[in-house]
Amino acid sequence: MIVHFTKRTNRWLYVNHINPEILRREIIRLCRGKDNNNHPRVVINVKKSGRNSDYDPCGNIINIGRYSHSNNHKLIVKGFLRVLIHEIRHFIQYKIHKRVTNIAYTDYDFQKNNHRYFNDPLEKDARKFERKHLERLFKKIYSSIVWL
Ligand SMILES: [Zn+2]
């Protein structure tokens with residue numbers, strides 16, 4: 001499996017003192033939880049602007065939105081990892097479990113965080129995946145930060 005960080009993502013990781021190699025290893029580990037005999041390639045892209053994050057199955061791109069208003073480094077890193085884990089789950093659902101969303105919610109539902117979006121089984125599954133992995137991953141990443 002190949003995890004590619006875009007230039008902007010590498011810059012973001014650098015600014016936030018996150019070691020990209022450690023993060024890459026952890027992403028691969030997250031994806032190997034289930035049957036992963038194929039070797040998909042995934043691109044991680046921190047967006048230039050915009051709050052929304054998504055997984056684009058066409059290009060296999062995980063887009064991470066810019067939404068943090070916090071100056072607290074811990075919260076910024078945690079927020080980033082939460083979104084990353086969530087969107088990685090959508091990648092796993094699509095690429096590894098071969099589950100295709102029948103889009104039961106509209107952009108409007110999404111914007112309003114409506115119950116239709118909220119109750120979508122794939123979204124429920126992605127939130128469960130967040131809860132399962134966030135604390136461990138955060139500890140792992142945060143404890144590996146070297147302050148120069
Ligand atoms: Zn989602």
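Guide: Axes here are lines fitted to C-alpha atoms, for helices over the stretch in contact, and angles run from 0 to 180 degrees between N-to-C directions. This is a predicted model, in which local features need pLDDT of at least 70 and side-chain atom pairs count only at pLDDT 80 or more, while totals for chains, interfaces and linings use all residues. Residues are numbered from 1 along each chain as its sequence is written.

Visitor: What makes up the chain, in helices and strands?

Guide: The chain has six helices and four strands, taken as DSSP runs numbered from the N terminus (H or I, at least four residues, for helices; E, at least two, for strands). Along the sequence they follow the pattern β-α-α-β-β-β-α-α-α-α.

Visitor: Let's start with helix 2 and helix 6. Why are they called roughly antiparallel?

Guide: Their axes come within 11 Å and cross at roughly 155 degrees. Angles under 35 degrees count as roughly parallel, over 145 as roughly antiparallel, 65 to 115 as roughly perpendicular and the rest as oblique. The angle of roughly 155 degrees is over 145, so helix 2 and helix 6 are roughly antiparallel. Their crossing is right-handed (the near helix is turned clockwise from the far one by less than a right angle; anticlockwise would be left-handed).

Visitor: How do you know which residues meet there?

Guide: Two residues are in contact if their C-beta atoms, placed from the backbone, lie within 7 Å. By that rule Ile-22, Leu-23, Glu-26 and Leu-30 of helix 2 meet His-133, Leu-137, Lys-140 and Ile-141 of helix 6. By class, this contact has five nonpolar residues, one polar and two charged (Ala, Val, Leu, Ile, Met, Phe, Trp, Tyr, Cys and Pro count as nonpolar, Asp, Glu, Lys and Arg as charged, and the others, Gly among them, as polar).

Visitor: And why is the pair of helix 2 and helix 3 described as oblique?

Guide: The axes of helix 2 (residues 20–31) and helix 3 (residues 73–96) come within 10 Å and cross at roughly 45 degrees. That angle falls in none of the three named ranges, and helix 2 and helix 3 are therefore oblique to each other. Their crossing is right-handed.

Visitor: What classes of residue are in this contact?

Guide: Ile-27, Leu-30 and Cys-31 of helix 2 meet Ile-85, Ile-88, Ile-92 and Ile-96 of helix 3. The residues of this contact are seven nonpolar, no polar and no charged.

Visitor: What about helix 3 and helix 6: why are they called oblique?

Guide: Helix 3 and helix 6 (residues 121–143) pack at about 135 degrees, with axes 8 Å apart. An angle of about 135 degrees is not over 145 and lies outside 65 to 115, so this pair is oblique. The crossing of helix 3 and helix 6 is right-handed. Among the residues making the contact are Val-77, Leu-81, Arg-82 and Ile-85 of helix 3 and Ala-126, Phe-129, Glu-130 and Leu-134 of helix 6. By class, the contact has eleven nonpolar, four polar and six charged residues.

Visitor: How do you know that the length of helix 3 agrees with its residue count?

Guide: The expected span is 1.5 Å times one less than the number of residues. Helix 3 has 24 residues, so it should span 34 Å, and its end C-alpha atoms are 33 Å apart, which agrees.

Visitor: Arg-82 caught my eye. Why does it count as partly exposed?

Guide: A residue is buried if 20 or more other C-beta atoms lie within 10 Å of its own, exposed if 12 or fewer, and partly exposed in between. Arg-82, in helix 3, has 18 such neighbours, so it is partly exposed. Leaving aside neighbours within four places in sequence, Arg-82 touches Glu-130 and Leu-134. Its C-alpha atom is 9.3 Å from that of Glu-135, 53 residues away along the chain. Arg-127 of helix 6 is 45 residues from Arg-82 in sequence and 9.2 Å from it, C-alpha to C-alpha. With 15 other C-beta atoms within 10 Å, Arg-127 is partly exposed.

Visitor: What makes Lys-98 exposed?

Guide: Lys-98 has 7 other C-beta atoms within 10 Å, and 12 or fewer means exposed. Lys-98 lies in the loop between helix 3 and helix 4 (107–112), and its phi is positive, near 55 degrees.

Visitor: And Asn-60: why is it partly exposed?

Guide: Asn-60 has 16 other C-beta atoms within 10 Å, a count between the two cut-offs, so it is partly exposed. Asn-60 sits in the loop between strand 3 (54–56) and strand 4 (61–64). Its phi is near 55 degrees, a positive value in a residue other than glycine.
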